[in-house]
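I am opening a fresh page for this chain, and I want to note down what I look up, one topic at a time.

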Amino acid sequence: MLEREFPAALQAAASGDETAFARLWRDAHPPLLRYLRLLAGDAAEDVAGEVWLEVARGLARFRGGEQEFRGWLCTLARRRATDLRRREARRPMQFTDDAADLDQPGADDTAAAALDNLSTQAALELIATLPRQQAEVIVLRVVADLDVGQVARITGKRPGTVRVAAHRGLRTLAARLEQRVTR
């Protein structure tokens, strides 16, 4: 988090300073991408690109601090992921007979290989086993570091519902982790 440096970086980025925009991107992109991996799966990078394009177009109009900026990013991400699911529902993919071969990463896919080795990926996979609402709330609260009010606005739920979903999800995750350890 940029904390005290955020207002200056935001103002400079809104004025067209590419270095300042890059600072905002470096700070906010990793949690945004983790959130999108939950919502959009393999299309997370593409959706994130759309989100950042929208941010670049609307940054001059944005008002708020760092937490509001993160909330805005997650709101944009959720909308883009919803758009993606709608597009996919209208035009489902049809695989060829060689679908298994098409689904394999290339030999030179270093990024995918690195992600497979990260404990963050394992945590996100475990979170993804939760019911969708619980998983989304946990990613927004823990990974994107948003408060209950922001998560409630993003998801369209009441703050109490967000708290309950987070509590139940975290309790379920703790039980699943305990089962793995005792095996």
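**Entry 1: a charged pair inside one helix.** I keep in mind that this is a predicted model. I began with Asp83, which counts as partly exposed because its relative accessibility is 27%. I then looked for its partner and found that the side chains of Arg86 and Asp83 meet in a salt bridge, at 3.9 Å from N to O. Both residues lie in helix H4, three residues apart, which is about one turn of the helix.

**Entry 2: the wider network.** I asked myself which residues are linked with Asp83 in a network of salt bridges. I found Glu54, Arg80 and Arg86 there together with Asp83. Within this group, the side chains of Glu54 and Arg80 meet at 2.6 Å, N to O. Glu54 lies in helix H3 and Arg80 in helix H4, so this pair ties together parts that are 26 residues apart in sequence. I noted Glu54 as partly exposed, with a relative accessible area of 22%, and Arg80 as partly exposed too, at 23%.

**Entry 3: a bridge to helix H8.** I next looked up Glu136 and Arg78, whose side chains meet in a salt bridge at 2.5 Å, N to O. This pair links distant parts of the chain, with Glu136 in helix H8 and Arg78 in helix H4, 58 residues apart. Is Glu136 buried or exposed? I read a relative accessible area of 5% for Glu136, so it is buried, whereas Arg78 is partly exposed at 25%. While in helix H8 I also checked Gln134, which counts as buried at 14% relative accessibility. Leaving aside neighbours within four places in sequence, Gln134 is in contact with Ala165, Arg168, Gly169 and Thr172.

**Entry 4: aromatic rings.** I counted five aromatic pairs in the structure. The rings of Phe21 and Trp52 have their centres 5.7 Å apart and their planes at 80°, so I wrote this pair down as edge-to-face. Phe21 lies in helix H2 and Trp52 in helix H3, so the pair ties together parts 31 residues apart in sequence. Phe69 and Trp72 form a tilted pair, with 6.0 Å from centre to centre and 55° between the planes. I also saw that Phe6, Phe62, Phe69 and Trp72 form one aromatic cluster, and that Phe69 counts as buried at 1% relative accessibility.

**Entry 5: two helices crossing.** Last, I followed helix H9 and helix H10, whose axes come within 8 Å and cross at roughly 100°. That angle makes H9 roughly perpendicular to H10. I listed Val148, Val151, Ala152 and Thr155 of H9 and Pro159, Val162 and Arg163 of H10 as making the contact.

Technical notes:
Residues numbered from 1 in each chain as written. Predicted model: local features only at pLDDT ≥ 70, side-chain atom pairs only at ≥ 80, totals over all residues. Heavy atoms only, no water. Axes fitted to C-alpha atoms, helices over the stretch in contact; angles between N-to-C directions. Helix = DSSP H or I, 4+ residues; strand = E, 2+ residues; numbered from the N terminus. Parallel < 35°, antiparallel > 145°, perpendicular 65-115°, else oblique. Contact = heavy atoms within 4.5 Å. Buried < 20%, exposed > 50% of the residue type's maximum accessible area, 1.4 Å probe, protein only. Phe/Tyr/Trp six-rings, centres within 6.5 Å; stacked < 30°, edge-to-face > 60°. Salt bridge = Lys/Arg side-chain N within 4 Å of Asp/Glu carboxyl O.
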